[in-house]
Amino acid sequence: MSTKPKVQPDDLDLAFYQATAEARRLCLQHCEDCGQWTHPARYYCPACSSENFTFKPTNGEAEIHSFTVSHFSVETAWKDLVPYVVIVAETQEGPRVVARTDLTPEEVEIGQKIRLRVEVIDPEFSYVWAEAAA
Amino acid sequence: MATASGLSGKAAIVGIGEFGYYRGTDQSILQMVLKASMDAIRDAGLKPSDIDGIIPPPGFVAWDEIGAHLGIPDIRYTACPQMGGASPVAGLINATMAISAGLATAVLVPIGWNGFSALRPRPDARPNKRRFSAAFFETVKNYYGPYGLRSAPWWYSLYLQRYVKYYGVPPEAAGAIAVACRKHAQLNDKALMRGRPLTMDEYLATPFITEPLRKGDCCVETDCAAAIVVTSAERAKDLRHKPVTFLGGAEGHPNRPDELINRPDMLKLGLDYAAPRAFAMAGVKPQDMDFLQIYDCFTYVALLELEALGYAERGGAADFVKDGNIELGGKYPLNTHGGLMSQGHCWGMNHIVEAVRQLRHDAGQAQVADCEIGLVTGYGDLGDGTIAILGRGA
């Protein structure tokens with residue numbers, strides 16, 4: 001179980017985290033008029049300027065768009081975990097999210113298929129985790 | 001040659017000032033900014049009462065206290081571009097616009113910070129209350145910070161690793177930026193890294209901070225300030241120094257500016273949008289430049305900027321930076337003062353100051369012989385970009 005980071009989202013960022021915690025799945029903003037998926041959420045759809053949206057569960061399928069391997073940290077929560085991998089995951093729905101992973105530096109490469117799950121920390125914050133696709 | 005347009009030729013930089021560069025100082029940010037400002041005003045041969053516009057930095061100090069401390073009696077114009085390290089060049093463009101529009105006649109553009117001391121205060125130091133804010137902090141706090149991505153190297157690594165892996169950019173390309181900056185710093189009394197030369201092998205041996213960034217890819221934390229004074233091209237002819245004329249400039253921002261990873265093309269920087277606009281305004285080509293002062297917070301960012309400027313295709317900067325092409329004596333000397341990498345991090349105002357020295361032919365051992373035209377870039381926050389093309393004489 002991860003510890004809660006110092007994060008106090010508000011506005012649509014809070015709505016995103018609340019929806020994700022409630023569904024226990026990564027929920028992204030979905031335009032009810034044109035079907036566009038958007039992250040981080042916006043008050044106007046970047047495709048059609050609509051204000052009608054919901055936060056909908058994603059199917060969890062994604063691929064690695066980019067990543068970093070951190071070899072240094074001064075943060076208590078992270079310095080014992082180096083080298084740790086952080087992934088930019090491109091969801092099948094389109095938007096990209098940052099994700100933690102237990103994949104090792106040797107195991108990650110751009111374009112690799114992954115599966116996303118969430119670790120609910122509290123009703124207003126969840127971690128996104130990436131694991132190798134089955 | 002194409003025709004110049006817009007603000008081209010409307011204003012000139014007539015004064016420069018610097019305070020620094022230090023790792024540790026007992027001077028406050030306000031003191032440093034005021035000293036650099038007063039030096040810039042005096043360098044122009046002007047008095048504080050001649051200044052009627054102030055474009056302050058995007059944080060730490062504000063236009064009203066700067067004006068009050070310097071004794072500027074009649075402030076006619078202020079504006080504050082908020083785009084981190086892209087702000088100084090944006091300030092220069094904004095000053096040119098205000099002067100061209102008749103809203104001001106002489107504009108001071110200062111910046112400064114305690115980039116070293118804020119992180120490592122002396123035991124007897126009073127608490128540092130000076131802060132700056134940026135809209136993107138919300139994105140960072142909500143979506144990057146919780147994942148062990150603490151500050152700029154970690155945030156930028158998210159897109160720089162794709163640049164390196166997808167395009168096969170070799171570390172030696174980034175190393176060429178670090179080595180050139182360090183080499184030029186050896187010629188500069190004001191460079192933090194003077195006396196500490198760097199070879200490619202030494203660069204490659206520096207440890208990774210967060211991939212692809214090695215320690216050798218990161219600029220130096222610095223206490224410093226710098227300032228410029230801008231006035232009309234007409235008035236500049238009567239002042240102390242050879243004027244350095246604004247020939248073209250532009251700003252640009254990634255789509256979307258407040259976050260990094262959901263841009264359609266994660267590697268398209270603000271400078272990709274700005275550069276063609278600036279060259280068009282100046283009526284010149286990238287190949288006409290005698291030097292390049294490139295915002296080098298991180299070496300790989302500088303490589304992407306060179307590509308955005310048109311010196312190489314995406315992913316192809318390695319060929320451009322090799323074989324001394326960007327070193328003094330090469331075709332495109334880059335960061336002839338040492339840059340943020342090796343002179344010090346003054347938000348790129350030091351790049352503008354160096355461009356002015358070069359075009360005055362007052363750059364000492366680092367002088368690019370007979371230079372007539374050069375460019376300065378800015379890069380800030382999550383990829384904001386600015387560029388100014390400057391020329392010698394009115």
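Trainee: Before we look at β1(A) and β3(A), when do two strands count as paired?
Mentor: Two strands pair if DSSP finds at least two bridges between them. Keep in mind that this is a predicted model.

Trainee: Okay, so how many bridges join β1 and β3 of chain A, and in which sense do they pair?
Mentor: Strand β1(A), residues 27-31, pairs with β3(A) over five bridges, in the antiparallel sense. One of the partners to look up is Phe55(A) in β3(A), which bridges to Gln29(A).

Trainee: What's the strand order in that sheet?
Mentor: The order is β2-β1-β3 in chain A, an open sheet of three strands with antiparallel pairing.

Trainee: And which strands stand at the edges?
Mentor: Those are β2 (37-38) and β3 (53-57) of chain A. Each has a single partner strand, so one side of each has no neighbour in the sheet.

Trainee: Switching to the interface: how many residues of each chain are in contact?
Mentor: Chain A brings 25 residues, in contact with 28 residues of chain B. On the chain A side, β4 (61-70), β5 (84-91) and β6 (96-101) each supply at least two residues.

Trainee: Which element gives the largest share of that side?
Mentor: That's β4(A), with six residues. By class, the side of chain A that touches chain B has 14 nonpolar, seven polar and four charged residues.

Trainee: Now chain B as a whole. How many helices and strands are there?
Mentor: Chain B has 13 helices and 11 strands. Its radius of gyration is 19 Å, close to the 21 Å that the globule rule gives for 394 residues, so chain B is as compact as a globular protein of that length. Along the principal axes, its C-alpha atoms fill a box of roughly 55 × 55 × 40 Å.

Trainee: What percentage of it counts as buried?
Mentor: Of the 394 residues in chain B, 61% are buried. As for contacts in chain B between residues at least 6 apart in sequence, 78% of them join residues at least 24 apart.

Trainee: Let's zoom in on α10 of chain B. Is that helix mostly covered or mostly open?
Mentor: Mostly covered: α10(B) spans residues 299-308, and 10 of its 10 residues are buried. Among them are Tyr300(B), Leu303(B), Glu305(B) and Glu307(B).

Trainee: What do those buried residues pack against?
Mentor: They pack against the chain B helices α5 (152-167), α6 (171-185), α9 (270-282) and α11 (317-321), along with strand β10 (373-380).

Trainee: Which residue just after α10(B) has a positive phi?
Mentor: Gly310(B), with a phi of about 100 degrees.

Methods:
Residues numbered from 1 in each chain as written. Chains lettered and ligands numbered in written order. Predicted model: local features only at pLDDT ≥ 70, side-chain atom pairs only at ≥ 80, totals over all residues. Buried ≥ 20, exposed ≤ 12 C-beta atoms within 10 Å, placed from the backbone. Helix = DSSP H or I, 4+ residues; strand = E, 2+ residues; numbered from the N terminus. Contact = placed C-beta atoms within 7 Å. Nonpolar A, V, L, I, M, F, W, Y, C, P; charged D, E, K, R; others polar. Rg over C-alpha atoms; globule rule 2.2 N^0.38 Å.
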